[in-house]
Amino acid sequence: MFEKKSEAEIKMLTIKEAAALVDGLTEYRVRELCKTGKLPCFMAGKKYLINKDILYKYLNGDMSVQ
């Protein structure tokens with residue numbers, strides 16, 4: 001079944017915040033990963049939003065994104 005998370009447990013990041021979490025990861029690279037669909041995200045207005053847990057899984061190679 002689905003595991004429900006409270007609003008406090010779900011953390012969404014902007015491109016700038018995502019890049020700031022990881023040394024060596026630039027805003028340009030995060031944006032390109034979003035644009036190409038390699039990193040799951042969604043747009044809220046003109047901003048890409050990235051789930052923090054998904055970002056870490058992607059960076060650790062725990063996700064196979066198509």
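This is a short tutorial dialogue on reading the fold of a predicted model.

Student: Where should I begin? How many helices and strands are there in the protein?

Tutor: Begin with the inventory. This predicted model has 3 helices and 3 strands. Along the sequence they follow the pattern β-α-α-β-β-α.

Student: Now the sheet. In what order do the strands stand, and is the pairing parallel or antiparallel?

Tutor: The general idea comes first: strands of a sheet pair through backbone hydrogen bonds, in either a parallel or an antiparallel way. Here the sheet is open, with the order β1-β3-β2 and antiparallel pairing. β1 (12-13) and β2 (42-44) each have a single partner strand and stand at the edges, so one side of each is left without a neighbour in the sheet.

Student: Which residues can I use to check the register between β1 and β3?

Tutor: β1 is joined to β3 (residues 47-51) by 2 bridges. Met12 has Asn51 as its bridge partner, and Leu13 stands opposite Ile50.

Student: And how many bridges join β2 to β3?

Tutor: There are 3 bridges between these antiparallel strands. As a landmark, look for Phe42, which stands opposite Leu49 in β3. The hairpin of β2 and β3 has 2 residues between the strands, and in this hairpin Gly45 takes a positive phi near 70°.

Student: Is β3 mostly covered or exposed?

Tutor: In a regular strand, side chains alternate between the two faces of the sheet, which makes it useful to go through a strand residue by residue. β3 is mostly covered, with 4 of its 5 residues buried, that is, under 20% relative accessible area. For the protein, buried residues make up 21% of the 66 residues.

Student: What lies across the sheet strands β1 and β3?

Tutor: Helix α3 does, running at about 75° to β3. Look at both ends of this helix, too. At its start, a side-chain oxygen of Asn51 reaches to within 2.8 Å of the backbone nitrogen of Asp53. Asn51 is also the bridge partner of Met12. Just after α3, Gly61 takes a positive phi of about 80°.

Student: What can I say about contacts and surface for the protein as a whole?

Tutor: For contacts, take the pairs of residues at least 6 apart in sequence: 48% of these contacts join residues at least 24 apart. For the surface, the accessible area comes to about 5300 Å², and 52% of that belongs to carbon and sulfur atoms.

Definitions and conventions:
Residues numbered from 1 in each chain as written. Heavy atoms only, no water. Polar contact = N/O pair within 3.5 Å; in protein donor to acceptor, adjacent residues only side chain to side chain. Pairing = 2+ DSSP bridges. Contact = heavy atoms within 4.5 Å. Axes fitted to C-alpha atoms, helices over the stretch in contact; angles between N-to-C directions. Buried < 20%, exposed > 50% of the residue type's maximum accessible area, 1.4 Å probe, protein only. Areas by Shrake-Rupley, 256 points an atom, 1.4 Å probe, with all protein chains shown as cover.
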